[in-house]
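Colleague: Could you walk me through this model and tell me what lies behind the terms you use?
Modeller: Gladly, let us have a look together.

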Amino acid sequence: MEVALNWYLGLSAILFSIGTLGVLLKRNAIVLLMSVELMLNAVNLTLVALSQSMGDADGQLLVFFTIAVAAAEAAVGLAIVIAIFRRKLTVDITEINLFKF
Amino acid sequence: MSHDLLVRLILLLPLAGAVLLGVLPLFMPALRRREGLIGTIGTSVVVIPFAIATYLFVSYGGDPVTVSYFTWMEAAELSVDFAYRIDELSLIMTLIVTGVGGVIHLYSAGYMHGDPGFWRFFAYLNLFIFAMLNLVLANNLVVLFLGWEGVGLCSYLLIGFWYTDLKNSAAANKAFIVNRIGDFAFLMAMFLIFSELGSLSFDVLLTDAASVLSAETIDYIVLLLFIGATGKSAQIPLFVWLPDAMAGPTPVSALIHAATMVTSGLYLLARMSPIVLETEVVMMIIAVVGALTAIMAATIAITQNDIKKVLAYSTVSQLGYMFMAAGVGAFFVAIFHVLTHAFFKACLFLGSGSVIHSMEHVEHDLEHEGEDVSDFDPQDMRTMGNLQEYMPSTGWTYFIATLAISGIPLLAGFFSKDEILFKAFEYGYDGNTYAMFVWVVGVITAALTAFYMTRSYYLTFMGEERWPLADKIHPHESSWKMTVPLWILAGGSLVTGFLGLPAVIKDGKWNWIHHYLGANYGGPVAEASVSAHVPGSLEWGLIGLSSAIAVGVFFFARSMYLSQGIAFDVSLKERLGGLYELWEHKYRWDDFYDNVVVEALINQISRDGLAPFDSKIVDGAVNGLAGATQESSSLLRRIQTGVVQNYALALVFGVVLVIGLMIFGG
Amino acid sequence: MAAAPFMFFLLATVSVVAAIGMLVARSPVYSALWLVLNLFCVAGLYLTMNATFIGVIQILVYAGAIMVLFLFVIMLLNLDALPQLEEIDWGMVAGFVLGVVVLSQLLYVIASGFDLPMEAMGASAETGSAESLGIALYTRYALHVEVAAVLLLAATVGAVMLAQKRFE
């Protein structure tokens with residue numbers, strides 16, 4: 001039995017879906033951001049798997065950039081969470097509704 | 001020199017003058033008081049084009065020259081060039097416009113002396129000359145229309161020149177609005193021509209139109225053009241603006257409302273004469289309307305006491321004569337009358353301006369003496385009299401012009417008016433019954449004309465002085481700037497008639513204007529052909545008849561007004577009774593318009609019909625739309641919960657949809 | 001059982017368990033720790049694919065830097081578990097259903113379209129090496145690296161601006 005590409009892809013799909021569920025279900029803003037990281041991670045896994053499968057390094061370079069952007073996103077996202085927390089004293093995403101009509 | 005440059009100069013000099021005089025003093029108030037400078041610039045930008053036009057006239061070879069400067073607009077089949085046409089007709093008109101215009105500019109420098117709007121006045125006048133030259137030189141209907149609207153605008157600006165008086169503004173508005181009706185018809189004519197012919201250029205219009213267009217189309221085109229002309233040239237039913245237009249300064253009345261702009265309707269018909277001749281029905285309408293206008297305005301003129309109003313109605317009446325000529329197919333005679341009329345009517349108006357000017361000084365002196373001058377009207381002939389003694393130049397020139405317009409033999413008006421009457425008679429003699437009617441009306445009008453003009457002269461310049469304190473206060477002759485133009489125009493009134501000697505003399509070979517303009521001799525103005533010629537003896541008889549009428553009426557009116565003065569007006573009123581009253585009230589045209597058109601049609605319809613329509617339906621639609629938007633958005637906004645996860649939910653739902661579509665959608 | 005599939009199944013199972021753990025943990029600190037475990041597992045998976053550079057970066061940046069940042073914020077804000085919801089939130093039910101649908105769709109796509117063997121995987125250890133990626137990054141993608149650097153700088157400045165205490 002050889003390790004096949006779809007195993008990795010399947011695992012990636014499962015992780016991605018768990019990340020999606022996290023985004024949709026978790027109420028803690030920080031955990032929400034973590035779920036986003038998980039989704040990015042799942043996508044990275046796909047990219048690396050396909051890159052290795054095809055013997056092309058470009059996919060891994062893309063992952064490199066994804067990680068860089070993910071770092072930036074996490075930094076800004078967490079800073080926003082801090083700013084909101086200062087104001088509303090909560091990180092419950094259902095109570096943060098500044099865009100309500 | 002090339003025509004290109006010369007025509008450019010003719011057109012651009014007045015425009016440059018208008019811009020220079022209109023814009024510079026706006027920002028440099030010190031310039032406004034430099035009357036000498038402004039007057040010199042304003043006059044020379046009209047006199048120089050006159051000189052150029054004279055050169056063009058002398059060097060004219062006989063073939064129309066067209067110059068095209070640039071394409072104004074181009075859209076599908078429509079292509080309009082800024083093109084100008086030099087031929088006999090436009091040359092004559094250009095000479096009249098710049099010649100008479102130049103003289104009137106000189107006069108204005110004297111007349112408007114001391115007016116705070118001196119610079120503005122000259123800017124408007126120059127702009128008017130520019131627009132008028134566009135009108136007469138245009139080689140297509142669009143450029144002509146540009147000029148047509150341009151002169152309308154300048155007329156509006158100049159009638160309302162003393163705009164602080166509400167009455168003047170109202171008169172300006174009236175002129176503008178009434179003209180709009182005619183302009184609308186003109187526009188429709190243009191649309192019709194373009195849709196039927198595909199071109200608005202005179203090159204095509206004057207050569208092909210008569211053969212290409214159907215008779216019915218020509219009927220409509222000419223009728224619409226004529227309605228346009230009735231607006232600008234003050235014919236029934238759109239003449240009502242012209243008498244009110246006398247609210248403007250007198251040089252304006254002379255230039256715009258007597259010599260040039262009001263004749264542009266005639267010019268239009270003469271320009272389009274090859275087409276106009278194709279439609280007998282509309283020709284008849286033109287002739288009859290012209291005749292009715294002529295006699296109506298002449299009868300009103302008898303009853304007027306305002307010296308300018310008399311001349312205004314006289315202008316309407318003379319324009320009626322010109323339309324009579326056009327209606328019997330004698331367009332060159334109409335232009336001939338335009339020419340002579342430009343001289344004697346401008347002379348009369350300027351003379352009246354001179355009189356008004358000095359009467360204003362009388363008013364001023366009276367005020368100085370401590371008299372109550374609130375009722376004093378410097379334009380009312382009833383307060384004048386014996387001015388000949390104090391203002392000899394004005395008096396003599398006015399007298400000459402009066403004789404000319406009355407049709408006293410050998411003066412300008414005699415030849416042109418007689419030619420119109422003769423052409424009407426000849427056309428009637430040829431079997432067109434309506435022309436006979438026109439002739440009869442024309443002869444009666446000639447008698448009336450002689451009567452009211454003689455009346456105006458003798459009331460103003462002869463008899464006793466009727467202003468208060470007449471023994472202490474005396475009017476004075478105007479300055480040379482005003483009398484020189486008067487003498488120039490009076491000279492024109494004396495001699496211009498010889499340009500069109502009647503057919504009985506040397507078989508019409510000396511009728512220069514006919515040979516110059518007439519299509520039979522290679523000119524641009526077509527004329528009706530008549531098969532049955534009037535015998536020479538009969539023609540001599542007609543000339544004798546009109547001469548006798550003119551001279552007889554002149555001496556009758558002279559003796560009456562010399563001996564009785566204004567008292568004769570009273571006895572005339574008693575003798576004529578209701579008829580006189582009708583004339584005095586101007587046939588109640590203004591009442592008719594006020595009551596029927598303005599009140600009943602416009603006010604009633606707009607107040608009871610259109611206003612509710614506007615507030616209920618038009619506004620209702622707009623407000624309803626706004627309300628519906630508001631309602632629906634207040635419902636829709638509930639979607640915006642502000643919770644991030646709801647948005648994420650929608651996003652994932654979209655992802656699911658897209659993936660589903662990609663999987664199952666083929 | 002061969003070594004490679006065994007490693008894969010081990011790491012995959014742990015990573016899925018860790019992800020679910022992150023999802024169900026009530027305290028954010030536990031969530032973060034579960035995620036760290038997940039990230040380590042994924043790094044291990046990269047190594048099984050011979051993507052050594054990315055695997056190391058994953059541990060350094062993700063597990064090392066980003067997750068420390070998360071934990072740091074959690075502790076800075078002194079967050080506890082949020083109180084349990086009393087009633088059913090229909091948005092959450094819909095979210096759960098949608099998540100499951102997304103999973104099934106993705107698996108369906110993978111099962112139907114990507115039935116490929118991982119043939120090049122063993123042979124191309126070179127592809128994922130730090131040397132080959134580094135050469136590509138600093139030659140062909142030099143500009144992109146610079147842009148990423150500027151982005152990180154901007155994010156740093158932005159984060160400082162957003163999070164700083166505003167003194168009245």
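**Terms and values in the model**

Modeller: To begin with chain C, 30% of its 168 residues count as buried. This is a predicted model, in which local features need pLDDT of at least 70 and side-chain atom pairs count only at pLDDT 80 or more, while totals for chains, interfaces and linings use all residues. Residues are numbered from 1 along each chain as its sequence is written, and chains are lettered from A and ligands numbered from 1 in the order in which they are written.

Colleague: What makes a residue count as buried?
Modeller: A buried residue has 20 or more other C-beta atoms within 10 Å of its own; 12 or fewer make it exposed, and in between it is partly exposed, with C-beta atoms placed from the backbone.

Colleague: How many helices and strands does chain C have?
Modeller: There are seven helices and zero strands in chain C. Both are DSSP runs numbered from the N terminus: helices are H or I with at least four residues, strands E with at least two.

Colleague: Why is α1(B) called roughly antiparallel to α3(B)?
Modeller: Helix α1 (residues 3-27) and helix α3 (residues 35-59) of chain B pack at about 170°, their axes 9 Å apart. The label covers angles over 145 degrees (under 35 is roughly parallel, 65 to 115 roughly perpendicular, the rest oblique), so α1(B) is roughly antiparallel to α3(B). The axes are lines fitted to C-alpha atoms, for helices over the stretch in contact, and angles run from 0 to 180 degrees between N-to-C directions.

Colleague: Which residues make that contact?
Modeller: Among them are B:Leu13 and B:Gly17 of α1(B), and B:Ile41 and B:Val45 of α3(B). Contact here asks for C-beta atoms, placed from the backbone, within 7 Å. By class, this contact has 17 nonpolar, two polar and no charged residues. Nonpolar covers Ala, Val, Leu, Ile, Met, Phe, Trp, Tyr, Cys and Pro; charged covers Asp, Glu, Lys and Arg; the others, Gly among them, are polar.

Colleague: What makes a set of residues a nonpolar core?
Modeller: They are buried Ala, Val, Leu, Ile, Met, Phe, Trp, Tyr and Cys residues joined through C-beta atoms within 7 Å. The largest such core has 212 residues, and B:Ala346 is one of those with the most contacts inside it. Helix α17 (residues 331-368) of chain B gives the largest share, 20 residues. B:Ala346 touches residues including B:Val100 and B:Leu489.

Colleague: And which element gives the most to the side of chain A that touches chain C?
Modeller: That is α3(A), with 21 residues. The contact takes 60 residues from chain A and 72 from chain C.

Note on methods: Two residues are in contact if their C-beta atoms, placed from the backbone, lie within 7 Å. Lists of a residue's contacts leave out its neighbours within four places in sequence.
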